[in-house]
Amino acid sequence: MSTRIAFLKGHGTENDFVIVPDPENVIDLPPSAVAALCDRRAGIGGDGLLHVVRSAAHPEAQDMAAEAEWFMDYRNGDGSIAEMCGNGARVFARYLQHAGLVAEGDIAFATRAGVKSAHIAKDGDITIGMGSARLPEGEVTVSVGERSWPARNVNMGNPHAVAFVEDLAHAGDLYSPPPFSPASAYPDGVNVEFVVDRGPGHVALRVHERGSGETRSCGTGACAVAVATARRDGVDPAVTGAPATYTVDVPGGRLVITERPDGGIEMTGPAVIVATGEIEPEWLESAAR
């Protein structure tokens, strides 16, 4: 690399991301480089990284290029690859608008969890079509210290364990992954949400994101929580024929989640671009080693 590399910084309900535009997929971003960029002291800092690539230029997205021009190559803060990130998807859509690549209204982009739809509203909020939830069978338990709770296994293209607790403080510091069982339920790790009720159709959560630790928000987690809460409340839109909407408070703000009778889930919330800059190529090359 002989030229500086452009980056942006953005967040969605304070779930923050380093954004690296790379339309032709020519920038080498091994896990070590991603982790260095996301480092909050020695790098730019972020819960994850959004690598912006044309679908046709990325081997994992080429078969989606006819439906979606852009691919959200999402990485966790530790450099590991993730299937999907809901807040990241809103920030990704905001970046595309910021760069003049899309306009207000409906857009589509590719992810490892498939093609996702988004709507950029005039008021600034962005709604992401998050696909449908899968509810794998089997009992799951999560623990913090001496406490343990039954958890609902919800898959939103990435895995979640949703536990209802009396107090969000019971989640502990969430620096390390909360233990879960059985191990076979999540062979590649899991995002764990701890949830309390705030009122009818209104809950709040704290989350440990796989590969990132506790984050200020998790979009797929908020969707998983809404679905788990609806089922706990005896609500299934596929049965009632009416959509179910939940307000989900996260430490970084508020998201509104709607599950439709056809199973599709929509997440609405803010997304902000806060800075632009350049990465020194020599530093990135050194960090990648």
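## A walk through the strands

Let's start with a hairpin: β5 and β6 are joined that way, with 2 residues between them. Here strands are DSSP runs of E with at least two residues, helices are runs of H or I with at least four, and both are numbered from the N terminus. Keep in mind that this is a predicted model, where local features need pLDDT of at least 70, side-chain atom pairs count only at pLDDT 80 or more, and totals for chains, interfaces and linings use all residues. Residues are numbered from 1 along each chain as its sequence is written, and side-chain values use heavy atoms, with hydrogens and water left out.

Back to the hairpin. β5 covers residues 105–111 and β6 covers residues 114–120; they run antiparallel, joined by 7 bridges (two strands pair if DSSP finds at least two bridges between them). Find Thr111 and you'll see Gly114 of β6 opposite.

Now carry on along the chain. β6 also pairs with β7 (residues 126–132), again antiparallel, through 4 bridges. His119 sits opposite Thr127 in β7. This hairpin has 5 residues between its strands, and Gly124 takes a positive phi near 100 degrees there.

Time to zoom out. The protein has 5 helices and 18 strands. Its radius of gyration is 18 Å, close to the 19 Å the globule rule gives for 289 residues, so the protein is as compact as a globular protein of that length. That radius is taken over C-alpha atoms, and the rule is 2.2 Å times the number of residues to the power 0.38. The C-alpha trace spans about 55 × 40 × 30 Å along its principal axes.
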